[in-house]
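Colleague: Could you give me a close look at a single part of this model, setting out what surrounds it and how its partners meet it? I would rather have one connected account than a list.

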Amino acid sequence: MDSTAPTPQNTPTPTVPLDVTDQQNSALLDDTLALLNSGVPEKADQRGLGEIDRWEQVLRASERPGLAKIIQELATLNQQLSTPDTAAHDIAETLATLGAETVKVADETSDDYSGPLTQLGKLLIKMGSSLSR
């Protein structure tokens, strides 16, 4: 074996910042509200996990301050839902935290997203509450 050959390295592929339009943000909010308004899913499905992935990407691309906690909680929720033996109580806590953080962002928002974000936050809190029973 030639010792001068370069060794392959696991370097992450640079990610291009995601450019998300207002229309795409509105569609994501609408999709998520429709999904959650249909009730608490019985189990993690690909649609729900896909929504979490979409939110993570959009929020990471956002330049809005105060999103780090939401991004962290989304990653936690994704992991919890992907692990079959996660306790409902743990998921409930994550949903409640996500809801509270979402309402906080909605309160600081002065654009058309304030109402739908507040609705989303309250829905997440309600879902967390129903799971913790």
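Modeller: What follows begins with the whole chain and then turns to one part and its partners.

This is a predicted model, in which local features need pLDDT of at least 70 and side-chain atom pairs count only at pLDDT 80 or more, while totals for chains, interfaces and linings use all residues. Residues are numbered from 1 along each chain as its sequence is written, and side-chain values use heavy atoms, with hydrogens and water left out.

The protein has five helices and zero strands, these being DSSP runs numbered from the N terminus (H or I of at least four residues for helices, E of at least two for strands). Along the sequence the order is α-α-α-α-α. Of the 133 residues in the protein, 32% are buried, where buried means under 20% relative accessible area, exposed means over 50% and partly exposed lies in between, for a 1.4 Å probe and protein chains only. Among contacts (heavy atoms within 4.5 Å) with a separation of 6 or more, 62% join residues 24 or more positions apart.

The part I have chosen is helix 4, residues 88-107. At 1.5 Å a residue, its 20 residues should span 28 Å, and its end C-alpha atoms are indeed 28 Å apart; the expected span here is 1.5 Å times one less than the number of residues. The buried residues of helix 4 are Ile91, Ala92, Thr94, Leu95, Leu98, Gly99, Glu101, Thr102, Val103, Val105 and Ala106. An α-helix has 3.6 residues a turn, so residues three or four places apart point the same way. What covers the buried residues of helix 4 includes helix 3 and helix 5, and I take these partners in turn.

On the helix 3 side, two residues of helix 4 deserve a closer look. Thr94, which sits in helix 4, counts as buried because its relative accessibility is 4%. Apart from neighbours within four places in sequence, Thr94 touches Glu73, Thr76, Leu77 and Gln80, and of these Glu73, Leu77 and Gln80 are among the buried residues of helix 3. Glu101, also in helix 4, is at 14% relative accessibility and therefore counts as buried as well. With the same neighbours within four places set aside, Glu101 is in contact with Lys69 and Ile70. Glu101 and Leu67 lie 34 residues apart in sequence, yet their C-alpha atoms are 8.4 Å apart in space.

On the other side of this description, helix 4 and helix 5 pack at an angle of about 160 degrees with their axes 7 Å apart; axes are lines fitted to C-alpha atoms, for helices over the stretch in contact, and angles run from 0 to 180 degrees between N-to-C directions. The two helices are therefore roughly antiparallel to each other, given that angles over 145 degrees count as roughly antiparallel, under 35 as roughly parallel, 65 to 115 as roughly perpendicular and the rest as oblique. Their contact involves residues of helix 4 including Ile91, Leu95, Leu98 and Thr102, and residues of helix 5 including Leu117, Leu120, Leu124 and Met127. The residues of this contact divide into 16 nonpolar, six polar and one charged, with Ala, Val, Leu, Ile, Met, Phe, Trp, Tyr, Cys and Pro counted as nonpolar, Asp, Glu, Lys and Arg as charged, and the others, Gly among them, as polar. Among the buried residues of helix 5 are Leu117, Leu120, Leu124 and Met127.

Helix 3 has a further partner, since what covers its buried residues includes helix 2 (46-61) as well as helix 4. Helix 2 and helix 3 pack at an angle of about 160 degrees, with their axes 10 Å apart. That makes helix 2 roughly antiparallel to helix 3. The residues of their contact divide into 10 nonpolar, two polar and three charged. One of the helix 3 residues that meet helix 2 is Ala75, which is partly exposed, with a relative accessible area of 32%.
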